[in-house]
Amino acid sequence: MAAKKNLLGPTDSDSSSVSDQSASNRSVNRSLRVAEKERRKNEAEDPLVLALKYFSDVEAGTPVVGNDEFENNLVLVERAAYSKGLSSEAVAVMLEFAMSLRMGTSPCVRVLKCLIPSTVVPQEAVVRAVVWLGVGKIPISTQVLFIKWVLTVFDMIDAKDQLRSIYGFIFSFVTEENLCPFICHLLYLLTRKESVRVFRVRKLLELQSKLGRQPFLLHLLSLYKVFCPELVTLSVPSRMRSGFRNHNSPWKSALIAVQKRNGSQVASSSSLPFTIKDMSSSRKRKHGHLELPVLSSLVNKQAQTESFSRKLVPLVQLHSFTQLLENMHRIELPAQMGSLLGSSLALQYLDCVQDESALLRLNFWLGYALHEEFLFCGDGRASQNSEEALQFLDKLLSTQHFLQEAFSSSEAFLYKFLSVWDGSLLRPQILSLLSHIPVVPSAQIGRLLFEPLMQLFFTSSLFFKCGLIECLNNMLLKWLTWHSVYALEDDLDISLNSHTSINMTLSGFKDSVMELVHFVGRLASVGLQLEGCHSLLLSFILDFYETVCDTFLRYGLPLVVMPPPAVFYPVLFSPDPVSVDRLAYIMYRYKVNLTSAKSQEKVTEQAFHISRQTFREFNNYVVVMVNCLWNSKMFHPGMGVQLGEELLLKSNVPQYWTSFDLVNHPAFLSYAVDFHQRCWPGRKDVDLNSIKHSKPWSWYLEYLYSQGYDGLKQFVPAP
Amino acid sequence: MGKRDVQICFRFPSGTLEMEPPPNGVVRTPLNSVVVQRRSKSKSYRLSYRSCLGAASRLGFTPALTARRLNTSRRAPRSRNISEKVNSEQLALLLKTEWRLSYVTPLFKFRHTQLKSYSRQLSAFIAAEKQQGLAVDVEGSQSGFRVSFSVVQGMTETDDDAETVLIQIHTNPLFARQDEPQRSVWSGLLTCINGNTDYLHSLPKDFICLPLFGCSGSEVLTTLVKSWFQQAFDCSFGPLEISHTSLQWLVALWTNCHSESGIQQLKMIWTLPVVPPLQITYTVNPQDAWELWSSVRRDPQEENEGGEAGTSIDIKEVMRFVQGLKGHFYRHFRLDLSSGSLKQVSTALGSAKYNGRIKISNSRYMITTLTLLTECALLKMPI
């Protein structure tokens, strides 16, 4: 009973200690108490907690057979154990329940088998259970099972000091023939120099003479000999089978599964773990290219150490950003740079130091891993390990995101990978990697990027098309952002200052951007035809042009490229009012950019020259839009879209010139009808033309703007 | 770049290897090279902009961009008596072994002056790894494995090639008598012969490029050695196959030597992709092979105008030669080998297999073969 109190104690004593301190800080305390209450309430409703409560409170001697309550609760615990593992309190409760034989021996084995800890095993619980062994009612096979369990979870026991203090008690079990091998193993793990005593050595030797030269006895004795050679005179053979037999216990696989599951959850919840995860839990792979090396300090440094007066701090020893700052001047890079990929702290340092060799080492490793995994594999190995590949790429992506630049090795890898990619393997990851690549000189951009991407684009699904357009939009955004940062700094003259050694001039950069924009224009034109102007694709294309139309004002890049007609007209005639509105917004931004460029051209000579062609294209589009939507002058001679007079007559569409104005445009027709009903609620027959009278027309426009079509409003500002 | 100017010179011109370890002032460079400083904007400009296309960076040598591929023409193997230059014991080891090949990314801070220390470290590493799982060293002080690193002098072809390094692991036989010598259980080779100069020059001084790694011996030791190298020099190892084209090159290069030293026979193993898979062993009389080879060689007269006679072999000649061999086979067996691939070549000068195993039997043509393999290894470099 005392045990029970102990086990359930912590929550009570916790809250009482909290209330003790309450005098000092009331507000904090209150919120703590509220949180605590909340937690308890949640726990009270959790069936697992109830089940555990059952096992800690159940009376001794309660029958097992036909006891549904027991059965249900045990099933609950088992399920939790195999899926997430048991918390340390739960392990304590269940272990106590099993070993005390409160409900007899039959549930004991079953409970032991499901004791899979999720984090640690409390030492006290193990000690108590060992004590229960001494009571002597537990069948030997169950005792063996228990010791095997202790051996399996040995590394997860939170402390070993109390276990060591009952070393003698545990030792007394070696005389039990069936337990002996396992007890020896446990003793082997617990032995300290002070636990080696003459009487114990004698006991073991006695056993050995009885049982023969058993490996488990020999191992324990050899350990004793290491600690106290004078006590053990026996000669230990020089070559022994290594280690104790690895008991293929029932917990191993379940434990690994639980750890793996918990581990992966942890990894996914925090994209960049602050410290490096221990590699020991990761399962062994046949081809381990994607395994990050363990962060470790340099191996061969004796050559340097003596000559150094100041002490270097290996990166492994730093655990917080503050420590990093304090030791900034004397940090030693790790032996394998690849290990940095997992640690945000290390990346911060790398970003700050900008050591070329270090970056190159990282790049060599990264490039190697990517090549081996995705390019040299040949026999479809990549798809087998897609889970690992996915995690690896995600990690790489979050790293690049963190550093805000791509690794050159991943860039070089992508150029090769694009030509063999099927467009579906790890698509989101590959596309995001692609969007990170830095500006490609216009001379190579076609061969490296456009050719493989074009093939993929035209042969893949709608979703790939959308994904690719989005990726290229992100790429353009990154290029432009990069430009806007440095162009401002260098007064628009990025045409290469002495300190840079890149041969990319402003005009070179402009060429690359222009190539990219034109390329997307081509993809969009054909893509829209192929997919029947699918509105999803249209939306991604409009995203792209929202970036393009603002290059001058937002990013300071003197470049204006208009969308091709095969993009402009499908949007203009799209049955989707949002697309039309976004087009109007884009045209409005083009106008603002062009006017501001023009005014700058007058002020400074530095400003750029926009070709007449661009102005002509822009004006043409504006005229078409205004004529079509506002003026009901569709197919007016001199506009972009022209059809023969006879053909139009033949179509038998009455008043064909009005068919794409804001009233009759398929995108806005429903609004017109709605407006008509509100304006003239009494009228039975709908005459949309009546909206076109000057008063209702201005009301109608107001109505449209009120529906959120700001693009239209900005495009044609109210007079 | 925040890098101090003092650098250790580790590209030794051949013959100066017995150099003393440099004085302290020089040795301390490497760690100093990481100078923490505020990142100035101009600097980040440069680095951010360092794409693999940037002219400034060594990455301008990106394979994807320069389309690095096997040379289309190479010098014909000159019979070179390297036995005069190379230590005979080392040479014997190089020749008697069949090497399993890997490529290695450049080694960071590898120094030819530190080989003794590397030997110690690798021995200790192997001992430590071998004892994992054993809590106590039951065998006593003698750890069993003795590692020795040594430089093979006289192998380099150009000044840019780093000196070849040979690694041997010896152990005491299991039931050894006192006086019994240690037995060699594993050997490894790191080399670079006629490495691409542009590539080697593009590497910063901290790196040393020995891209070709060959080993023979137990797989366990190979794994241990590789993982020690990975930790000590931050490099990576990947398998190196000898491709179909490289094997064809070897067929031609070796046949080309027949007039000087007999190849005994030209044996090729081809596989054809049929069900069940068909493996063909195709053996050619050396004299016939030589005559066929001579017939596909360019007219020596014509070549004389260009330069020295018979010094260079072109890929076209190789292809013509292989085509001739295939044609002959077709006439006899009605089987076209073009659909299959060459998996293995062997002559008296050596043998090479697709899975990256090579044995070089004649020292006089070793350099040519190693040049080809170095090229293959450099092709696999990620950047």
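Chain B of this predicted model exposes about 17000 Å² of surface, and carbon and sulfur atoms supply 49% of that area. Turning from the outside to the inside, buried residues account for 53% of the chain's 383 residues. The fold of chain B is a mix of 13 helices and 15 strands. Contacts tell a similar story about how the chain is put together: taking those in chain B with a separation of 6 or more, 74% come from residues 24 or more positions apart.

Some of the strands in chain B can be followed from partner to partner. Strand 10 (residues 266–272) runs antiparallel to strand 13 (residues 341–347), and the two share 5 bridges. Here B:W270 sits opposite B:L342 of strand 13. Strand 13 of chain B also pairs with strand 14 (residues 350–353), again in the antiparallel sense, this time over 4 bridges. A hairpin links strands 13 and 14 of chain B, with 2 residues making the connection. In this second pairing, B:T347 of chain B faces B:G350, which belongs to strand 14. Strand 13 of chain B thus has strand 10 as one antiparallel partner and strand 14 as another.

Then there are the aromatics. Over all chains, a search of the whole structure turns up 51 aromatic pairs. One of them is made by A:W365 and A:F392: the ring centres are 6.1 Å apart and the planes meet at 65°, and because an angle over 60 degrees counts as edge-to-face, that is how this pair is classed. A:W365 comes from helix 18 (residues 356–375) of chain A, while A:F392 comes from helix 20 (residues 386–403) of chain A, so the pair ties together parts that lie 27 residues apart in sequence. Both A:W365 and A:F392 are buried.

Chain B has an aromatic grouping of its own. B:F110, B:Y118, B:F149, B:W186, B:F213, B:W228, B:F229, B:F233 and B:F237 come together as one aromatic cluster.

Back in chain A, rings also turn up beneath charged side chains. A:K598 places its charged end over the ring of A:F615, at 4.5 Å from the ring centre. With arginine in the role of the charged partner, A:R683 lies over the face of A:W680, and the distance to the ring centre is 4.4 Å.

Key
Residues numbered from 1 in each chain as written. Chains lettered and ligands numbered in written order. Predicted model: local features only at pLDDT ≥ 70, side-chain atom pairs only at ≥ 80, totals over all residues. Heavy atoms only, no water. Buried < 20%, exposed > 50% of the residue type's maximum accessible area, 1.4 Å probe, protein only. Contact = heavy atoms within 4.5 Å. Areas by Shrake-Rupley, 256 points an atom, 1.4 Å probe, with all protein chains shown as cover. Phe/Tyr/Trp six-rings, centres within 6.5 Å; stacked < 30°, edge-to-face > 60°. Lys NZ or Arg CZ within 6 Å of the ring centre and 35° of its normal. Pairing = 2+ DSSP bridges.
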